[in-house]
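Subject: Structure handover

Hello,

Here is the structure for you to pick up. My notes on what turned up in it follow below.

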Amino acid sequence: MERPLLCTLTLFLLNTLLYCGHARDAELTLEPNASRLFAGEHVTLTCDMREADDADWLHKFTWNGKEMDSVKKNNSLSLLLTANRGGDYQCVGHRKSSASFTKQSNNLTLSVSAHRPTATVTATTATILEGHEVKLTCSAEDSADWQYEWFEDTNSDKALVSVQNPISVSRGGLYSCRGRRGNPRFFTKHSEIYFVEKSLSNRVDAALQHNWTQIFSGEKISIRCEVQGGEKSGWYYEWRTTSPNTPPTESDYSFAASVSHRGTYWCKGRRGLYSSTTWSSPLTLAVSDKPRPRVVADKRTIPVGGSVTLTCSVMNSTHWSYYWSSHTSNFSKINIRGGGIQDNIVSILEGGVYSCRGGRGNPLFFTEDSNVVIIEKIVSNEVVVSLKPNWPLMFTGEMFTVTCEVYGGGNTEWVYEWSAPNSVTVSTYDGNRIFNASESSSGNYRCMGKHKQDSYSSTEWSNSVTLKVLGNRPRAQVRAGSSVFPEGGSVTLTCSVEPPSSGWQYHWYRSEKTSEAVTELPGDSWSHKEITVSQEGLYWCRGARGDPVYYTDDSDSISVGKTATTSPAVTLQPNWPEIHHGEAITLRCEIQGRHTEWAYEWMTTSSYTPPDQQDYKIASVSHLHHGHYWCKGRLKSAPQNATRWTAAFELTVVDWRQAVLTVSPSWLNAGASVTLRCGVRHPSAGFKFYWYKALPIPYIRHFGARFRVRFGSSYRYEPLPGSINGTFQDVYILHGQTNTAAFVCRAGRGDPVVYSHYSDPAFVWSADFHSSASLVVYPPRVQHFTSESVLLRCEGNSTEWSIASVPDSFYYCDYDIMRGSCTIRVTRPYDAVYWCESETGDHSNAVNITVVAGDVILVSPIHLVHEGTSVTLGCKLRTQNFTSAVVFDKNDKRIQDSSRPEMKIAAATQSDEGFYRCEHSGEASPPSWMSVKPSTSPSPVWLSVGLVCGLLVAFLLTLLLFCCCRRSNGTACNRLLHCHKSGRTSGRVQTADRDESQQKTYASLLYSDRCVYDTVGGSDSTDNGGGEYEDGNVHRHIELRSVGRTHPTPASDSSSVYII
């Protein structure tokens, strides 16, 4: 039952497919089947129903969806293609027996090109070697279904030679092809003509017909093409070149060379149109511009009886003949040596202007004319130049003559050539030249003679004469053996001209008073350099020389008078041994005698001229006032009478020196006195001394951190009590000094006061000072290698601390801004003391850091050692291990020699204090000081007394607080209770205090613990805020009571007052 049902369903489905809709099993094909078609071709479309009986179908063709014709029985359609016939083609079949049943074919897309294709010829080579063939291949744009025709071009037509593709040819010729396909036939365009040439085996050479290495523009040259082997006739030639010129079709190419002929040339021989040799090797032709020869002379002057050799050369070329010529004095050109000569070297005996040129070839080709060479001929006549007047030194405005004389030569006429300063060489017909002297006339003068008829024959230059001319008119100077003379005596006066020169005569003049007429001294004194006078008055002179007469300026007048009986002197007020820059002084001209009405005159070597007064007051002396001073007096009633000049008074002005401050002692116990001494030169010479405490400058914020950057002085100065107006003593004593502090001083004197430079800060170190900060060092030892880093950090209850050092080591310290520390990295040996300090002058403990360049250091405590404490000293090497015994010294005495690199002190005592060092393998560490603080533990009796006193104080304080609270009606009354551990104080140990042979500074650390109750007073002083002020410093009264060891509390500044 199931099987018949399945068959029935299958038949039903087949029937549905046959009679409902279109089946797509028809096939549309194209003939010719090419992917690209061309306008003008015929094609056939065939619709195949893909059934055995195709006659039962009717066919219909569509183009781009449009029906092309009616339904027909024929299943093919022929088309003549045009450019617009491209597109999609399809066919539909209708079954005759059932019109509703159709088949639809595939889409066939035609691409039609409007342009007829062109065939292309390709070949393996364009040249046929003898005995070989060339393969030619023809192709079209679309090679499907193409057949090809080959043609050989004759003189008048194309001859069909083959329909094969490819073809092989063995003779030269012009070949072309075309393609064909379809029915009727469709032809492509003919290909371009392909030239096939048969190569002959003859070798061809292109050669230059001149054996010249270089060709010049204008030369006539020839290039020849030569065919080697075979017959010499029957050839014609073909040339090829990179130059713009076109060679002929002949074997010889002759032309006049020019720059346009530069290039490469090839040639070949040809027999017939299609047979030729290969191209020759390239011939490169370089054409240069017409050359210019160069003439070189071995010398430019023909000596007496000698000659000069001239050489003519044309660079980088050969086969020249040389043509020489010379120019006479009128510059007419004369050829010498006749025609061209092969030798390019000639010798000449006469002066003149010479040149040459080269020539070669046929016709003759000449180079440019060479450079000219002027040759002078020296004649033997002697030449002498002279000056009249013959003075080596002259002055602007004087007249002088230069004369040139030529000896010998008979009646020869000469032209004189002159060489003078600051001018070109000039020629004259006169042997004398007159000059009006000026500064530009200074220099050397010389001359030479030239024949008038032969301008190239001359004498040698004469020797030079030198003249110096000064620009300013000279001034006469008068000097007197003395400006005064006794009764019946005389004075010798001398007149001179500066600078010294010869030929002078002198005129002397005298006047009794400056208002009287001038009198020239009579008689034979007119030309005398020296005269003797016995009359009082003013004398002066002037010099004269030459024709016309040239006068100097008048000299200054000099006063000659009779001797006065008084003796003057220069004095200094104040009379200090040294005068410093900026001080006020007075120079006085003191004259002892009966006369009081004096006019004063000063003379000095300094830069300033004193006034004509008795006192020369200088408000601020400087180095420009340094020098010698003289003065003299002249009677106002008789100016011709004057005193002698005083003896020279030397005023020396020195710069202020820096004061030198010393402190003693530099290491002290709490409350000890400190002596400050300020040193200057001549301390008793009117000086006052000014004393200051040095406080750190305010901190500089840098990226949120606080630390001080020190450049030079990093302190501000506050006067010590009682020193604002200065002290006459150079010593200042501080009483009750308790803390580490820095001090400076300076000296001053005069009104107004002029000060010296501040001294460098001097430090006082206190071992009993307790601050709220401490300096931590890691590694915790004194000595460190140069390769190590040392970390320094201030620790305490304040952020206002910074690291300081002596000497200043800011440039060796890398600051860690986040941690507030610095790391020392030093690559050379270095010693410094470091501590923490605040703006108010508080100091922490101080430590000494020693950076060692050697390989051995001592490991010792960096802080103060308490008596009874166990101490271990060690020896440390930079790199190697210990290989021998280690020696420990104390104060240069051996105390241990063993293999152990450490030394232990079970309980340190005062006797263990000293300098320690260690030694290994002959190398020792630097010494380091170990300080031991003595024990201050109280006796049991005092402990009992202290305990009872403490309980009593506590009871009294409680009672006092209770009363205060009652009195204040319940208001809270609290007192600040402090119980802390402090006392990390700095100390500085100077080796001068410990051992005079040591010169280093070390630091120690003291520790102490205390618990302090403090009460700040001043509540009754409401007018000034509860404090007392003096000199800008706040004074506070603080009451302190300590339990245990007692140490003073550090003061805020040196002027604070404490009640303990």
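Strand β15 (residues 147-153) pairs with strand β18 (residues 173-181) in the antiparallel sense, over six bridges. Within that pairing, Phe151 has Ser176 of β18 as its bridge partner. Please keep in mind that this is a predicted model.

β15 has another partner. It also pairs with strand β16 (residues 158-162), again in the antiparallel sense, this time over four bridges. There, Trp150 stands opposite Ser162 of β16. How many of the seven residues of β15 are buried? Six are, so the strand is largely enclosed by the rest of the structure.

Overall picture

The chain has 1060 residues, and 41% of them count as buried. Its secondary structure comes to three helices and 99 strands. Contacts with a separation of 6 or more were also sorted by distance along the chain. Of these, 62% are between residues 24 or more positions apart.

Salt bridges

There are 37 salt bridges in the structure. Three of them are described here.

Start with Glu51 and Lys103. Their closest N and O atoms are 3.0 Å apart. The two residues come from distant parts of the chain, 52 residues apart. Glu51 is in the loop between β4 (42-48) and β5 (57-63), while Lys103 is in strand β9 (residues 102-104). Are these two buried or partly exposed? Glu51 has a relative accessible area of 30%, so it is partly exposed, since the buried class ends at 20%. Lys103 comes to 3% and therefore counts as buried.

Next, Glu197 and Arg270. Here the closest N and O atoms are 2.5 Å apart. This pair also links distant parts of the chain: Glu197 belongs to strand β20 (residues 194-199) and Arg270 to strand β26 (residues 263-270), 73 residues apart. Both Glu197 and Arg270 are buried.

Then Arg224 and Asp252. Their side chains meet in a salt bridge of 2.7 Å, N to O. Arg224 lies in strand β23 (residues 220-228) and Asp252 in strand β25 (residues 252-256), so the bridge ties together parts that are 28 residues apart in sequence. Arg224 is partly exposed, at 30% relative accessibility. Asp252 is partly exposed too, at 27%.

Some salt bridges share partners. In this way Asp25, Glu51, Asp56, Arg95 and Lys103 are joined into one network.

Lys268

Lys268 sits in strand β26. Its relative accessibility is 7%, so it counts as buried. What does it touch, leaving out residues up to four places away in sequence? The list is Glu197, Val204, Cys225, Tyr236, Tyr237, Glu238, Ser276, Thr277, Thr278 and Trp279. Glu197 is the residue that forms the salt bridge with Arg270. Tyr237 is 31 residues away from Lys268 along the chain, and the C-alpha atoms of the two are separated by 5.9 Å.

Ser441

Ser441 is in the loop between β44 (432-436) and β45 (443-451). This loop residue is buried, because its relative accessible area of 7% is under the 20% cut-off. Leaving aside neighbours within four places in sequence, Ser441 is in contact with Phe400, Pro421, Asn436, Leu467 and Val469.

Cavities

A search of the whole structure finds two cavities of 30 Å³ or more. My notes cover the second largest. It holds about 30 Å³ of space. Which residues line the second largest cavity? They are Trp212, Glu219, Lys220, Arg360, Gly361, Asn362, Pro363 and Phe365. By class, this lining has three nonpolar, two polar and three charged residues.

That is the handover.

Best wishes

Conventions:
Residues are numbered from 1 along each chain as its sequence is written. This is a predicted model: local features need pLDDT of at least 70, side-chain atom pairs count only at pLDDT 80 or more; totals for chains, interfaces and linings use all residues. Side-chain values use heavy atoms; hydrogens and water are left out. A salt bridge is a side-chain nitrogen of Lys or Arg within 4 Å of a carboxyl oxygen of Asp or Glu. Buried means under 20% relative accessible area, exposed over 50%, partly exposed in between (1.4 Å probe, protein chains only). Two strands pair if DSSP finds at least two bridges between them. On a 1 Å grid over the protein atoms alone, a cavity is a set of points where a 1.4 Å probe fits but cannot get out, and a pocket is an open set with protein on both sides within 12 Å along at least five of seven lines; lining residues have an atom within 4 Å of a point. Grid points are joined across faces, edges and corners, and a volume is the space filled by probe spheres set on the points. Ala, Val, Leu, Ile, Met, Phe, Trp, Tyr, Cys and Pro count as nonpolar, Asp, Glu, Lys and Arg as charged, and the others, Gly among them, as polar. Contact means heavy atoms within 4.5 Å.
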